[in-house]
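User: I would like to work through this model by question and answer, moving from the ligand to the contacts between chains and domains. Please keep each answer tied to what the coordinates show.

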Amino acid sequence: MQAYEKHSSIAALLNRNNVDTDQIVPKQFLKKVQRNGFGAHLFHDWRFNADGSDDLTFELNNPAFKGARILVTGDNFGCGSSREHAPWAIADYGFNTIISTSYADIFFNNCFKNSILPIIVDSHTLLALMEEIAENEGVAFEVDLDNQSVSTPGKNDFRFEVEPYRKHNLLEGLDDIALSLVHADKITTFEQEQKIAQPWLWRDA
Amino acid sequence: MAKTMYEKIWDAHLVHEQAGQAALLYVDRHLMHEVTSPQAFEGLDLANRQVRNRHSILATLDHCVPTRDRDQPIADPIGKLQVETMIANCAKHGLNLYDMENPNNGVIHIVVPEHGFVHPGMVVVCGDSHTATHGAFGALAFGIGTSEVEHVMATQTLPQKKSKTMLVKVDGELSEFSTAKDIALAIIGKIGTAGGTGYVIEFAGEAVVNLSMEGRMTLCNMAIEAGARAGLIAPDTKTYDFLRGKEFSPEGQDWDSAMAYWQSIPSDEGAEFDITIELAARDIAPQVTWGTSPEQVVSVTAAVPAPDSFQDKIKSQACKSALEYMGLEANTKITDINIDYAFIGSCTNGRIEDFRSAAKVARGTTVAAGVTAIAVPGSYHVKKQAEEEGLDRVFIEAGWEWRDPGCSMCLAMNGDELKEGQRCASTSNRNFEGRQGKGGRTHLVSPAMAAAAAAAGRFVDIR
Ligand code: SF4
């Protein structure tokens, strides 16, 4: 997993509440055998016209938000089915940070498994950030996970909470697999002992 | 201190333990099929990781494969893609795959024991809930999700929390017409589909010990339908006899040292379980499910219950909606329910013993008018064995279709499916809404009961 570094990026505004995982990736795209490439389908039904062209009325199609890595959005983001395709699509599209007042539980957990930082703010702060983006489209925010802070040109700076172990794993780029591999020496020892005690388990068929 | 079998296997596989964290458990065997693995392989590749122990893996193609016209390309493009992806992934990582042309091909939980790939005291995982099947050998076997499949490939371990232990004792002798399937359904009927949640079940008692290895697999297979993480049966002479001479079994001196470990695995005298449940085998009549959950089950002599016969409000409501979906009236006698379909197969009841017991009933009968009956061996080896015994003739002469192996109508992913409203006597393990096709109605039964229902066009008491 990619380590989460301090960055200054364009913040895109999606001012909608209760965006569910079915809207994030509609279900016709779930039958793929890969997990990459879902960015092309992110918000598909909102993002494209019936003929496949970009729907220019959709917020994220605003040219000012091109290259945005921060998504500022409404309450209860990521509700609905538990599919991990939703964070896969968000990350693949290019976002690594979401700012909202609340998230669905499974979606929130899945974000951390995919190098995405979901920041929780109070509704007052969210409103201020939304206003700043609306007034200055294409504005960049600076996100510093180590310091647990976000700063903006409009001085809507704030600090946020994140569980220490999650912060640590994001900063170090440690996924669950990497965490288990911290004990690689012990795994190797276990295997060496097994090879001696039960050599038949290690033979070719 | 006296330990349970579960605790012994757990302790023997602990790689790392730290207070307040999940323990890291070593995985000896990793079973795979085409549906739950593609994103795991992709994740592995994206992170530039390798399969840590390819010797631990055995893979097959089963969920999406057609059970007839095997020489034709797979019609469903998604099934075809999953199969092709699996073949490519296994080739790339040097994994042992029983592909569709391989004489060892079949349903994962059928083929793995056929080759002696699972031994007592192992930790076994698969991206599939019916992995519990292998508990029949005294192995701790459980299903995992796709991200865990990747985790096991990369690390050969899994972070795990310890389960509670439940002992299910089935005492006395089973009647000749009742089977392991009926024991499983009777247990689920008693404790409910959530009764085993958080537990690993050890099955014991005279009726369990008397089961063949095939029967033990059927019983452990359905532990998951009782909500349990895994089912376990203590290994004994039957287990060792079954394993002797199999492709992946140890030989010579290795066999002796393996036996030393295997024989140390059964629960110690006086080991304590968190819960003990007891059933009397003689009370277990052939079972038939009437609803859309395996716990909605009664004896063949009984009738479909009425919603108000349940004290529990949730169960009463569940009964009401199940009857609606199943198109059944309360108080209908089970033996008055007509069927459109019969299916013998799946990892629950797709072994040679299952076809023998069904053939005994089917011999000389004719499938009732309007009923379609399909027999789907769990593997090519089962198919071949059955054909050597002439069982295929029995089924074909009775009007059954005799197919190639696969999961088939157990989950209807390969094109074998019920049409809206059709009713099936099925030897599989799940009667959930839509499991055998959208709007399809499933009644879970033993193979002999399915064969009898096919001939009569309705459920019958085979005793
Ligand atoms: S036969 Fe059914 S339960 Fe068994 S592995 Fe196949 S689909 Fe799953």
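User: Which residues surround the ligand, and how many of the shell are charged?

Analyst: In this predicted model, the ligand is surrounded by residues of chain B that include B:His63, B:His109, B:His130, B:Asp128 and B:Arg435. Also among them are B:Cys347, B:Cys407 and B:Cys410, together with B:Val107, B:Leu411, B:Ser346 and B:Asn429. Sorted by residue class, the shell holds five nonpolar and five polar residues, and the number of charged ones is two.

User: How many residues of chain A are in contact with chain B, and what area is buried between the two chains?

Analyst: The contact involves 41 residues on the side of chain B and 30 residues on the side of chain A. Carbon and sulfur atoms give 57% of the area buried between these chains, and that area is about 3,000 Å².

User: Which residue of chain A forms a salt bridge with B:Glu150?

Analyst: Side chains of opposite charge can pair when their charged atoms come close. Between chain A and chain B the count is four salt bridges. In the one formed by B:Glu150, the closest N and O atoms are 2.5 Å apart, and the partner is A:Arg35.

User: Which element gives the most residues to the side of chain A that touches chain B?

Analyst: Across this interface, 14 residue pairs are found in polar contact, with both residues at pLDDT 80 or more. On chain A, the elements that give two or more residues to the side touching chain B are α3 (85-93), α7 (176-181) and α8 (184-197). That side divides into 13 nonpolar, eight polar and nine charged residues. With seven residues, the element that gives the most is α8(A).

User: How far apart are the centres of domain 1 and domain 2 of chain A?

Analyst: The domain assignment of chain A places residues 7-174 in domain 1 and residues 175-205 in domain 2. Taken over C-alpha atoms, the separation of their centres is 39 Å.

User: Which three residues supply 96% of the area that domain 1 of chain A buries against domain 2 of chain A?

Analyst: Four residues of domain 1 are in contact with four residues of domain 2 in chain A, and the area buried between them is about 330 Å², of which carbon and sulfur atoms give 65%. The count between these two domains is zero for salt bridges and likewise zero for residue pairs in polar contact, taking pairs with both residues at pLDDT 80 or more. More than any other three residues, the ones that supply this 96% for domain 1 are A:Lys113, A:Asn169 and A:Leu174.

User: How many residues apart are B:Arg68 and B:Glu401, which form a salt bridge?

Analyst: Over all chains the structure holds 25 salt bridges, and in the one between B:Arg68 and B:Glu401 the closest N and O atoms are 3.3 Å apart. B:Arg68 lies in the loop between β4 (57-60) and α3 (77-93) of chain B, whereas B:Glu401 belongs to strand β17 (residues 401-402) of chain B. The pair links distant parts of the chain, with a separation of 333 residues.

How values were computed. Residues are numbered from 1 along each chain as its sequence is written. Chains are lettered from A and ligands numbered from 1 in the order in which they are written. This is a predicted model: local features need pLDDT of at least 70, side-chain atom pairs count only at pLDDT 80 or more; totals for chains, interfaces and linings use all residues. Side-chain values use heavy atoms; hydrogens and water are left out. Contact means heavy atoms within 4.5 Å. Buried area is the accessible area (1.4 Å probe) that two parts lose on being put together, summed over both. A salt bridge is a side-chain nitrogen of Lys or Arg within 4 Å of a carboxyl oxygen of Asp or Glu. A polar contact is a pair of N or O atoms within 3.5 Å; within protein, one must be able to donate a hydrogen and the other to accept it, and residues adjacent in sequence count only if both atoms are side-chain atoms. Helices (H or I, at least four residues) and strands (E, at least two) are DSSP runs, numbered from the N terminus. Ala, Val, Leu, Ile, Met, Phe, Trp, Tyr, Cys and Pro count as nonpolar, Asp, Glu, Lys and Arg as charged, and the others, Gly among them, as polar. Domain bounds come from an automatic or database domain assignment. A residue is near a molecule or strand if one of its heavy atoms lies within 4 Å of it.
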